[in-house]
Structures are given as C-alpha cells and as structure tokens.
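Subject: Structure for you to look over

Dear colleague,

Here is the structure I said I would pass on. My notes on it follow below the entry.

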Amino acid sequence: MGARTWGPAMRSMRRDESVTNVRITPGTARRMLAFGRPYRRILILFLVFIVLDAVVGAANPLIYRAIINKGILGHRVGLVVELALVVAVLAVVDAALLVGQRWVSARVGEGVIFDLRSKVFGHIQRMPVAFFTRTQTGALITRLNNDVLGAQQAFTDTLSSVVSNLVGVTLVLAAMLVLSWQITLVALVILPVFVIPARRVGRRLSSITRESYALNAEMNTTMTERFNVAGALLVKLFGRPGEERRTFEAKAGRVRDIGITQAMYARLFYMALILTASLATALVYGWGGAMAVRGALNVGTVVALTAYLNRLYGPLTALSNVQVDVMTTLVSFDRIFEVLDLRPGIDEKPDAVDVPRGPARIEFDHVDFSYPRAEEVSLASLESVAVLESAPSQQVLFDVSFTAEPGELVALVGPSGAGKTTLSHLVPRLYDVRQGAVRVNGIDVRDATLPSLSEVVGVVTQDAHLFHETIRSNLLYARPEATDEELVGALRAAHILALVESLPDGLDTLVGDRGYRLSGGEKQRLAIARLLLKAPDVVVLDEATAHLDSESEAAVQEALRSALKGRTSLVIAHRLSTVREADRILVIDDGRIVEQGRHEDLLAAGGLYAELYRIQFEGQSEPAHLEVTADEPGEISLAGLNG
C-alpha cells in the first residue's frame, strides 16, 4: 500500500475534529465557490484527470486477472505479452495523469492563494489606524499565511481527495462485488476493526498537532520580539540573555518532545492501516485460495481481489473523515471572510472630490471626537480575546473650532493626554470626527478623495518610521518617480546630504530595522527629506524633536526651515521654547481649547500656558527659542535651537 492510498487517510485523521463544532457563517460555502469560479474550466479538467486516474487504477487488477486466467493458465504467451504491454501503457498514462493533476492543482492552488492574499492585503491596507492599534500583527499574518493556505486546500487537496476517493472506492467495490460478493463483504466487516481505533489515534494526533502549532506560534512570537532591535536591546540592558535562552530552550524542548510523539502516533496509524490491509489480504488468499482449490473461484480472481484491497482501505478511511476535511476548509474561508467583512472605518465616498492644491487653509468647525469602539474597528480573534471590550469610548475633543490661514504656523501645546495628537490626526483623516467638520481648502476631509488629501497633507511624527530598505527606497516612498537630482535636493534641504554622501553605499545604504542604524536626529531629517519630496501644502509636526538631544534638535530644526517654508503648519510642541514665535498658539486641556494667542499675550494672561512655561523653565536662564521670520508674505523661516 503506497502513499497514494494511505497518505490522504493519514492527513484526514490528523485534522482537528473540533472544527465540526464550529458555527460557520451562512453563505460561506457560496462565497468560497465564488473564488473558484475564475478557475472553473481548469477545475473541470482537474476532475477529468482525477476520474481517469481512478478508472486506470481500477482497471489494472482486472488485467492481472486476465493475464493469469487467460494468459498463464491458458498457455497463451502472446496474450500475456499483449496484456503486459497494456499494463505498461496504463502505467505511462497514469503517470501522465498524475503530472497533469499536479500541474492543474498548482495552477488552481497558487492562483487561489494569490487572489486571497491580494484581496486580504488590499483590504487590510484600507483599514483605519484604529484597527492596527488594537490588532495583533501575528494574527493578521496568520490570516494571510495559514488561513489562506487552508482555504486553498478546498480546491486542491480536499476536492481531489474527496472526488478521487469517492470514484475510486465506487469502482473498486463494484468490481470486487462482481468478482466475489462474499469476500468483499467480509473485507468490509474487517474495516471497523481498523477505523474505530484509528479514529481514537487520529483524535490524539490532531490534539498533538494543534498543541504543536500553538507552541511553534509561541516560539515564532518570542523570536520576532527578541530579534528586532528594540527587543534585543531590552534583553541586553536588563542582562537577561541567559534566562531568555533557557525560556526558549524549554519551549523548543516541548516542541521536540511533541514532534517525537507525533511521529510515533503517525507511524502507529500507518502500521495499523498496513496491518489491517495485510490481514484482509491474508483472508482473501486463505479463503479465496481454498475456494480456488475447490474450483469455486479462479486464481486470477483471487489476485485481483487482493490488488483491489490495497486500493480500498485508505480511501474508505479518508472518506469516513470527509466532514472534518470539508469543515476545515470552510473554517479557513470563514476566518478570511471575517476580515474581509470588517468595513474600513475611513473610506472614500463615491462622489468624493479632490482637494485643490496651493496655499492651504485648515478649518476646525465645532469638532467633537471620541475614538471608535472596539466592535467598530476590530475583531476578537485578531486581538486574541474571547470577547471585545464593550465599554463605550470616552469623548476626547469638545467643540474645537479654529482656523489656520495659508502660510500660518499654529502651535498646539498643553499637558500630556490633552488631545493634541488626536487633533492633528483629524487633518490627514486618520480618524473621522463625531460632530462638526474638518476642512482643508474648503473641502470637508470626509468628502475628499483619499489620494488628493494625502498629497496635500504631510506629517512628521516624533518617531519617524523607516522601512528596512535603502535610503533611496525610503525616500522614493514619497514620490516613486523622483530623480536622483531631486533626492539629492531633498537631502540637502533636510541638512543630511553630507551624512548620506559620507556613507560607503550612499543612497543605497540599508537603514536597518525601523531605521535603527541611524540616530534619532538622522532618522528625523530623512523623514523631513521624504516630506520635502512629497511637497505637501499642509505640514503636521507631532513633537518631531521631543526626544532629541540639543545638537540633533538643532539639526532637525534647520531641516524644518525648508519643510515649513510657505506651508500651513500645525506643530505639536513639547518644548514651549520652540513655538515662541508661532503665528498662533492653541492651548489644549481636556480636549478643549482653553487659550489661544501669541506667546507674549498668553504669558501676560497668566493662564495655563503661563503655568506650563513657568514649570518647564523655572530656575533656568532665558531659554533659546525658534526664531520665526517672514521672508516673504505667507512664508515662514525657523532658526535652529541651541539649548
């Protein structure tokens, strides 16, 4: 009995039977079939190959019977040779059919994988930031890898296994019943002797396999967290390499032990299947041979029945577990559809309009905001929790109204958690307001096309993210068609060209995971260069220099001169000295604008701004500050900070 007969049975018995208790969303099967519709013609060819292969497999034992009964016992050498040639031809045909099946299976399987991954990846890219703040990255990757592969098996492994086993078993049983219904019935009676213990072994095997998957996932999570720069740095700073190694070895040891147990159960299953087939073969040879001696059965029939037995038990065992196979693929599709059915909270209206380019005006009109509830942006399965939290979201912004005119620099200051960053997130429409409106150049951002809004608004955060690619690739992310001359110009304006030119590979230097090969100030200046390539009309700075030392901050501030020149700017300031010359300062507290005006006026008013300023600089000499001058109408220039 070869892998073609026992392999499907083995895979089927390893399936997790608990999937049969999973409640599948109505319509999942119909939607699953929709993914196979583009491949319906090639799937028909696939089924034809499977049926023909089953017919060829069922024909061989009958030819063996004829060779013995009519050729050998009839002393007809010519017939023996002819039938032997037929067996050889059928073997070639069978090999060709198997190659054809594999080719079609690969075409369909890889095509479905591509379709599913592309659809899921594209859908996830449309999800709002709130989705990613709640979701486990590993859970998303699992949907794109494990679940997609599980879904793909519906059109390859499960379909081919069910059809080939069903056709094969039908043909084999029909032939065996015609040859000897008595021996066939006895052979079928023996099957439960194997299947019942095998189901128990299969349940244990599926449990072990499930635990193995979970432990491997834990190991992968551990490696992912410890192998990135931040994780490795934390381990070293706390002196924990030894303990980390011991923890990992404990998990890896458990995986090793489970692997041994898994291998033994798999071998036990295989040996039980072989033993059952061998016992049945012994029965056929014993009983059939006795009948042949008495003349009730011919020798060729005994050989044919024995050959058929090798094609019966494996497929029958696999068919006994077909419900688990089908449910496994349905569960995978259901988990994929669960993600695809989660609506993006930030989407483009059908009648959306482009935001006009040019000097930009930002308007907040009586804005109220609270973050989306968990059920609006997430799934329990993607957060690895049983039930999503049901607590209502607290309101963050209350009746916020202000206007930033073209070319103005408006600073947002206030205590931590006051709502400054939240307010800045509403301009590029990372979130949508609950009440009121945010307008850019007179267009409500909810009515704007997302690409045009992205072109108009540029953001630099306090922890600029760089991909683990080259400097060139990170810059071209802003404008893929930019020339090398434009890249150099952006780097020069961001005051980092000299550094890039000093690197051995220049623009082709890899920046490392999240840009960790660069200092904080260098990362920020590259982010500013990327912003300059984008050339937005609105710039949002979210505490872009908050975590930098004085020297790095001065370099970044020099780079910001180019970034802010002639652009409408919203600057979230941690160090109040950096916004002394802003056109207007908005003081945010508990989600409300409690004060606004210029630096001198706010100090004179003696309110929250004056208190924050006093706390920040009490006992210090007069702080250095950004010097903001108007080079031309609507243009802003910032001098560097030196303290």
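In the contacts of the protein chain with a separation of 6 or more, 81% are between residues 24 or more positions apart. Please keep in mind that this is a predicted model. The protein chain has 643 residues, of which 47% count as buried. Its secondary structure consists of 24 helices and 12 strands.

The nonpolar cores

The largest nonpolar core has 46 residues, and the members that touch the most others are V108, L116, F155 and F333. At least two residues of this core come from each of α2 (28-36), α3 (40-72), α4 (77-125), α6 (137-152) and α13 (322-340). The greatest contribution is that of α4, with 12 residues. Leaving aside residues up to four places away in sequence, L116 touches F35, V148, A151, F333 and I336. A second core, separate from this one, has 45 residues, among them A494, L497, V500 and L564.

A helix pair

Next, how are α10 and α12 placed relative to each other? Helix α10 (residues 241-294) packs with helix α12 (residues 313-320) at an angle of about 125 degrees, and the axes are 10 Å apart. The two helices are therefore oblique to each other, since 125 degrees falls in none of the ranges for roughly parallel, roughly antiparallel or roughly perpendicular. On the α10 side the contact is made by F269, L273, T276, A277 and A280, and on the α12 side by Y313, G314 and T317. By type, the residues of this contact are 5 nonpolar and 3 polar, with no charged ones.

The sheet

There is an open sheet of 6 strands, in the order β6-β7-β8-β3-β9-β10, with mixed pairing. Its edge strands, each pairing on one side only, are β6 (457-461) and β10 (592-597). From one strand to the next the twist averages 20 degrees.

Strand β8 is worth following in detail. It covers residues 568-572, and 5 of its 5 residues are buried. This holds for both faces: T568, L570 and I572 are buried on one side, and S569 and V571 are buried on the other.

Which strands pair with β8? One is β3 (residues 409-413), which runs parallel to β8 and is joined to it by 4 bridges. Within that pairing, L409 stands opposite S569, and V410 has L570 as its bridge partner. The other is β7 (residues 538-542), which also pairs with β8 in the parallel sense, over 5 bridges. Here L541 stands opposite V571.

Two helices can be placed against these strands. Helix α21 (residues 520-534) lies across β6 and β7, and its direction is at about 180 degrees to β6. Helix α24 (residues 608-617) packs on the sheet and touches β3, β9 (584-589) and β10. The direction of α24 makes about 90 degrees with that of β9.

If you open the model with these notes to hand, I would start from L116 and its contacts with F35, V148, A151, F333 and I336. After that I would turn to β8, with β3 and β7 as its parallel partners.

Regards

Methods
Residues are numbered from 1 along each chain as its sequence is written. This is a predicted model: local features need pLDDT of at least 70, side-chain atom pairs count only at pLDDT 80 or more; totals for chains, interfaces and linings use all residues. Side-chain values use heavy atoms; hydrogens and water are left out. A nonpolar core is a set of buried Ala, Val, Leu, Ile, Met, Phe, Trp, Tyr and Cys residues joined through side-chain atoms within 4.5 Å. Buried means under 20% relative accessible area, exposed over 50%, partly exposed in between (1.4 Å probe, protein chains only). Contact means heavy atoms within 4.5 Å. Axes are lines fitted to C-alpha atoms, for helices over the stretch in contact, and angles run from 0 to 180 degrees between N-to-C directions. Angles under 35 degrees count as roughly parallel, over 145 as roughly antiparallel, 65 to 115 as roughly perpendicular and the rest as oblique. Ala, Val, Leu, Ile, Met, Phe, Trp, Tyr, Cys and Pro count as nonpolar, Asp, Glu, Lys and Arg as charged, and the others, Gly among them, as polar. Two strands pair if DSSP finds at least two bridges between them.
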